[in-house]
Amino acid sequence: MIRFLLLRLAQIVPAFIGVSLIAFAFIRLVPGDPIEVLSGERGIDPERHAELMAKFGYDKPLHLQYFDYLYNLAQGDLGTSLVTRKPVLSEFASLFPATLELSIAAMLFALVLGLPAGIIAALRRGKPTDHILMGSALTGYSMPIFWWGLLLIILFSGILQWTPVSGRIAVIHYVTPVTGFLLVDSLIAGDIDAFQSALRHLVLPAITLGTIPLAVLARQTRSAMLEVLGEEYIRAARAKGLHPWRIVLLHALRNALIPVLTTIGLQVGVLLAGAILTESIFSWPGIGKWLVHSIFSRDYPSVQGGLLLIALCIMAVNLLVDILYGMADPRIRHARE
């Protein structure tokens, strides 16, 4: 296992460099000069513009700018935001808990509904229940996030008035940050009203963000379960008279988890990418909304650092999924050892 982890960590290094290059090039492909964007409609005189370009190092050739960027990364310096003048790492750390809380809620929503839907569809293969569940999954997968989010706002916030339109918590509540997760911090503070407000604000964004992963998990679970249910050891378990749900949950589901775990790992990237639109729709104060604002502001350090840190999170999740493979299937663990 240690050898496997070291090998995986060694593979992360070139991936990290590749992501840093993409992040560096991405923001520079966006039209607009960062200094001119910062100056706004007032404009800026050429001398001051040249002075600021030299100060931030943007007057150098692109390859030298990239080498300077790598040098700073090697020292753990992601740069300072051009807009707020705060370190990028501290801004990311302050906003990431909001995105992580939203992503966890969305993934729990997807898992709680997606796994049972896939299992039931596999057990009822070819019957109306299967067609309804898989048709619903296909519909959910096909809906654009921005359209689905607006529909939910119109229905539940506008017509039914069950949930708030935007934000993370009502303005009348203040919760002292401890973990960065409002649901947890409000419980720590013993403020039930704040907890209920945070939960009501979380529902619609989590459903919006979790709909596509839910559809993917349902379809992948159904496919994996159908393959496993046809194996000889499942027929042997049925011949022994074991309870049907014991066969499904203990024997079939565990062996179907490998492709499902792969899907869950891949959906983390979908969640973080989808959070950009979801947070913009619901004014959720997280990484997605921050990145959108940084792109419009041509805030090079924030965009570069934000994309790089998100990529590291996805790499860490994929590493965790590889470890879980061995827990789900001991044969994989023994092969690696």
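In these legends, helices are DSSP runs of H or I with at least four residues, numbered from the N terminus. With that in hand, here is a set of views of this predicted model.

**Figure 1. The whole chain is built from helices, with 14 of them and 0 strands.** Reading from the N terminus, the elements run α-α-α-α-α-α-α-α-α-α-α-α-α-α. The C-alpha trace spans about 85 × 55 × 40 Å along its principal axes. Of the 337 residues in the chain, 41% are buried. If you like to think in contact maps, take the contacts between residues at least 6 apart in sequence: 74% of them join residues at least 24 apart.

**Figure 2. The largest pocket holds about 420 Å³ of space.** Its lining is made of 19 residues, and the closest to the pocket centre are Phe56, Tyr58, Asn72, Gly79 and Pro301. Three helices, α1 (2–29), α4 (62–74) and α13 (300–328), each supply at least two residues of this lining. Helix α4 gives the most, with 4 residues. For anyone setting up a chemical description of this pocket, the lining divides into 8 nonpolar, 6 polar and 5 charged residues.

**Figure 3. The second largest pocket has a volume of about 270 Å³.** Here 13 residues form the lining, and Leu100, Ser103, Ile104, Val268 and Leu271 lie nearest the centre. Helices α5 (88–123), α11 and α13 each contribute at least two lining residues. The most come from α5, which gives 7 residues. By class, the lining of this second pocket counts 12 nonpolar residues, 1 polar residue and no charged ones.

**Figure 4. Helix α6 covers residues 128–142 and has a buried side.** This helix has 15 residues and reaches 21 Å from its first C-alpha to its last, close to the 21 Å expected at 1.5 Å a residue. Its buried residues are Asp130, Met134, Ala137 and Gly140. These four sit on the same side of α6 because they cover an arc of only 120 degrees around the axis. Turned away from that buried side is a face carrying the exposed residues Pro128, His131 and Ile132. Among the elements that cover the buried residues of α6 are α5 and α9 (192–229).

**Figure 5. Arg124 sits in the loop between α5 and α6.** Its relative accessible area is 37%, so Arg124 counts as partly exposed, a class that lies between the 20% and 50% limits. Once neighbours within four places in sequence are left aside, Arg124 is in contact with Thr129 and Asp130. Asp130 also appears in the previous view, as one of the buried residues of α6. For a sense of scale, the C-alpha atoms of Arg124 and Phe296 are separated by 49 Å, and these two residues are 172 apart along the chain.

**Figure 6. Thr263 belongs to helix α11, which runs over residues 244–282.** Is this residue buried or exposed? Thr263 counts as buried because its relative accessibility is 7%, and the cut-off for buried is under 20%. Not counting residues up to four places away in sequence, Thr263 touches Val216, Leu217 and Gln220. Helix α11 will be familiar from the view of the second largest pocket, where it supplies at least two lining residues.

Notes:
Residues numbered from 1 in each chain as written. Predicted model: local features only at pLDDT ≥ 70, side-chain atom pairs only at ≥ 80, totals over all residues. Heavy atoms only, no water. Buried < 20%, exposed > 50% of the residue type's maximum accessible area, 1.4 Å probe, protein only. Contact = heavy atoms within 4.5 Å. 1 Å grid on protein atoms, 1.4 Å probe; cavity = no way out; pocket = protein on both sides within 12 Å on 5 of 7 lines; lining within 4 Å. Points joined across faces, edges and corners; volume = space filled by probe spheres on them. Nonpolar A, V, L, I, M, F, W, Y, C, P; charged D, E, K, R; others polar. Expected span 1.5 Å × (residues − 1). Arc of directions from axis to C-beta.
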